[in-house]
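This report describes one protein with a bound ligand. The sequence and structure are shown first.

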Amino acid sequence: MADDTSLELIHPGHPLYDGELELRFRVLREPLGFSRADVKFPFEDASLHLVAHAGGTVTGCVLFHPEDAHGGRLFQMAVAPSLQGKGLGARLVRALEDSLRQRGFRHVHLHARAQVVPFYERLGYAVYGEPYVEVGVPHRNMQRDL
Ligand SMILES: CC(C)(COP(=O)(O)OP(=O)(O)OC[C@H]1O[C@@H](n2cnc3c(N)ncnc32)[C@H](O)[C@@H]1OP(=O)(O)O)[C@@H](O)C(=O)NCCC(=O)NCCS
């Protein structure tokens, strides 16, 4: 992307964390009727938080929860609506995967909303298991080896 967007790994408490939470609320929770109190996960502090930001504004994020020494779950993938479809989501996933490889992780799984399965398939993820409903939305499990 020919812009001033930077990607940065942060932790809860970082100055960009509130912006990350607000983006997650606006993109992933508010449209489903959930409140800001429903944004955080129990394993928030134990997860990697990769954010995209420009001029102090968080425009995208993706999180990873390590579940063992080899792998874990990618979650809370979100891009600001005005920037969707311009490559930022793919850039975030690729950068997260690079960071995970450097940390020795070899497997990633995720809960994909059914309508977003093609996005993850383009990035090398494959569906497994049966469809199910989570946060009121049809989902598929997906995974890839790094
Ligand atoms: C899903 C999301 C993260 C994708 O990020 P993005 O920046 O819009 O996607 P990109 O522009 O990087 O797209 C990468 C590729 O995936 C494709 N793609 C993206 N979203 C898609 C979708 N919903 N259906 C089909 N293809 C899609 C793009 O066309 C592009 O294809 P290309 O490589 O052939 O050009 C973003 O649209 C978003 O935040 N959506 C709302 C929240 C959400 O559903 N999050 C995922 C929860 S599991």
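The text below covers the overall fold, the nonpolar core, the ligand shell and two backbone outliers.

**Overall fold**

The model is predicted. The protein has three helices and seven strands, and from the N terminus its elements follow the order β-α-β-β-β-α-β-α-β-β. Its C-alpha trace spans about 40 × 35 × 30 Å along the principal axes. The radius of gyration is 14 Å, which agrees with the value near 15 Å that a compact globule of 146 residues would have. Of the contacts with a separation of 6 or more, 58% join residues 24 or more positions apart. Buried residues account for 24% of the 146 residues.

An unreviewed UniProt entry lists residues 8-146 as "domain: N-acetyltransferase". That span is 24% helix and 39% strand, and its end C-alpha atoms are 20 Å apart.

**Nonpolar core**

In soluble globular proteins, nonpolar side chains tend to be buried together. Here the largest nonpolar core contains 24 residues, and Leu50, Cys61, Val62, Leu74, Leu92, Leu96 and Leu110 have the most contacts inside it. Two or more core residues come from each of strand E2 (48-54), strand E3 (57-66), E4, H2 and E5. E3 gives the largest share, five residues. Leaving aside residues up to four places away in sequence, Leu50 touches Leu7, Leu9, Cys61, Val62, Leu92, Ala95 and Leu96.

**Ligand shell**

Which residues are closest to the ligand? They are Gln84, Gly89, Ala90, Pro118 and Phe119, out of 19 that surround the ligand. By class, the shell holds 11 nonpolar, five polar and three charged residues. Helix H1 (17-29), strand E4 (71-79), helix H2 (88-102), strand E5 (107-113) and helix H3 (117-122) each contribute at least two residues to the shell. E4, H2 and E5 are thus among the elements that supply the ligand shell and among those that supply the core.

**Positive phi angles**

Two residues that are not glycines have a positive phi.

| Residue | Phi | Place | C-beta neighbours within 10 Å |
|---|---|---|---|
| Gln76 | about 55 degrees | strand E4 | 23 |
| Val135 | about 45 degrees | loop between strand E6 (126-134) and strand E7 (137-145) | 13 |

Are these two residues buried or partly exposed? Gln76 counts as buried because it has 23 C-beta neighbours inside 10 Å, where the cut-off is 20 or more. Val135 is partly exposed, since 13 other C-beta atoms lie within 10 Å. Gln76 lies in E4, one of the strands that give at least two residues to the ligand shell.

How values were computed:
Residues numbered from 1 in each chain as written. Predicted model: local features only at pLDDT ≥ 70, side-chain atom pairs only at ≥ 80, totals over all residues. Near = placed C-beta within 6 Å. Helix = DSSP H or I, 4+ residues; strand = E, 2+ residues; numbered from the N terminus. Nonpolar A, V, L, I, M, F, W, Y, C, P; charged D, E, K, R; others polar. Rg over C-alpha atoms; globule rule 2.2 N^0.38 Å. Buried ≥ 20, exposed ≤ 12 C-beta atoms within 10 Å, placed from the backbone. Contact = placed C-beta atoms within 7 Å. UniProt positions renumbered as here; feature names shortened; annotations may be inferred. Core = buried A, V, L, I, M, F, W, Y, C linked by C-beta atoms within 7 Å.
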